[in-house]
Amino acid sequence: MTASAYAAHLAQLNVATLRFPLDDPRMAPFVEMLDTVNSAADEAPGFVWRLVEDGASDATALRPAGEDVIVNLTVWETQDALWGFTYRSGHLDVLRRRREWFERHVEAHLVLWWVPAGHLPTTGEALERLADLRAHGPSARAFTFASAYSADEAAAALAQHPGADVRTAPAGRG
């Protein structure tokens with residue numbers, strides 16, 4: 001985990017349903033890109049942490065959301081840092097090819113939320129945030145790039161209505 005001057009960090013969970021097992025030859029191009037993309041994330045400005053399986057370089061063997069679902073759980077200093085890595089780096093090449101390897105999503109597959117700096121979210125916490133987003137839509141607890149809250153906006157909304165279902169998001173990225 002990298003040191004940070006920010007009081008809150010942005011946690012991100014992305015789930016993807018595999019079209020084929022990871023050892024299927026049709027998945028080879030994806031598997032071959034994993035180390036490169038993960039290394040790029042590790043070196044990206046604003047990167048804090050990513051989930052990896054003990055003794056492995058990635059989390060593809062972890063299956064907390066089902067046997068055919070892989071998870072990507074990361075923490076970033078800011079939303080802009082995550083956005084930059086996701087859409088303005090070599091990671092975009094993987095995104096462009098995702099239909100080759102993953103099923104089309106019929107419900108939310110990405111969730112963002114703010115955590116105190118230094119907190120490393122668990123897969124259970126992350127899946128609960130995704131379930132909240134799927135069940136109730138975007139809120140200060142669980143949002144997307146398109147329905148984003150800044151750390152201050154989320155903290156204010158949640159403080160104003162502790163335990164409430166806060167559902168009004170400021171305009172985010174389109």
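1. **Main core.** In this predicted model, the largest nonpolar core holds 31 residues. Met27, Phe30, Trp76, Phe102, Leu112 and Phe143 touch the most other members. Two or more residues each come from strands E1 (8–17), E3 (69–76) and E4 (110–116), and from helices H1 (28–43), H2 (79–87) and H6 (151–160). In soluble globular proteins, nonpolar side chains tend to be buried together.

2. **Second core.** There is also a separate core of 18 residues. Its members include Ala11, Ala59, Val71 and Val115. Ala11 also figures in the sheet pairing: its bridge partner in E4 is Trp113.

3. **Phe102.** Which residues does Phe102 contact, leaving aside its neighbours within four places in sequence? The list is Ala16, Thr17, Leu18, Arg19, Met27, Phe30 and Ile70. Two of these, Met27 and Phe30, are named with Phe102 among the core residues that touch the most other members. Two others, Ala16 and Ile70, are bridge partners, with Ile70 in E3. Phe102 also belongs to one aromatic cluster with Phe30 and Trp101.

4. **Strand E3.** E3 is mostly covered, with seven of its eight residues buried. E3 pairs with E1 in the antiparallel sense, over eight bridges. E3 also pairs with strand E2 (residues 47–50), again antiparallel, over three bridges. In the E2 pairing, Trp49 has Val75 of E3 as its bridge partner.

5. **Strand E4.** Is E4 largely enclosed or exposed? Six of its seven residues are buried, so E4 is largely enclosed by the rest of the structure. E4 runs antiparallel to E1, and seven bridges join the two. E1 thus has a partner in E4 and another in E3.

6. **Helix H5, length.** H5 covers residues 123–136. At 1.5 Å a residue, its 14 residues should span 20 Å. The end C-alpha atoms are 20 Å apart, so the span agrees with expectation. Just after H5, Gly137 takes a positive phi of about 85°.

7. **Helix H5, buried face.** Which residues of H5 are buried? They are Glu125, Ala126, Arg129, Leu130, Asp132 and Leu133. Seen down the helix axis, these buried residues fall within an arc of 155°, so they line one face of H5. An α-helix has 3.6 residues a turn, so residues three or four places apart point the same way. The buried residues of H5 pack against three strands: E1, E3 and E4.

8. **Phe47 and Trp76.** The count of aromatic pairs comes to nine. One of them is Phe47 with Trp76, an edge-to-face pair at 5.4 Å centre to centre, with 80° between the planes. The pair links distant parts of the chain: Phe47 lies in E2, Trp76 in E3, and they are 29 residues apart. Phe47 is buried, at a relative accessible area of 8%. Trp76 is buried too, at 1%.

9. **Trp76 and Phe85.** Is this pair stacked or edge-to-face? The ring centres are 5.5 Å apart and the planes lie at 25°, so the pair is stacked; the cut-off for stacking is under 30 degrees. Phe85 has 9% relative accessibility, so it counts as buried. Trp76 therefore has an edge-to-face pairing with Phe47 and a stacked one with Phe85.

Note on methods
Residues are numbered from 1 along each chain as its sequence is written. This is a predicted model: local features need pLDDT of at least 70, side-chain atom pairs count only at pLDDT 80 or more; totals for chains, interfaces and linings use all residues. Side-chain values use heavy atoms; hydrogens and water are left out. A nonpolar core is a set of buried Ala, Val, Leu, Ile, Met, Phe, Trp, Tyr and Cys residues joined through side-chain atoms within 4.5 Å. Buried means under 20% relative accessible area, exposed over 50%, partly exposed in between (1.4 Å probe, protein chains only). Helices (H or I, at least four residues) and strands (E, at least two) are DSSP runs, numbered from the N terminus. Contact means heavy atoms within 4.5 Å. Two strands pair if DSSP finds at least two bridges between them. The expected span of a helix is 1.5 Å times one less than its number of residues. The arc is that of the directions from the helix axis to the C-beta atoms. Rings of Phe, Tyr and Trp (its six-membered ring) pair if their centres lie within 6.5 Å; planes under 30 degrees apart count as stacked, over 60 as edge-to-face and the rest as tilted.
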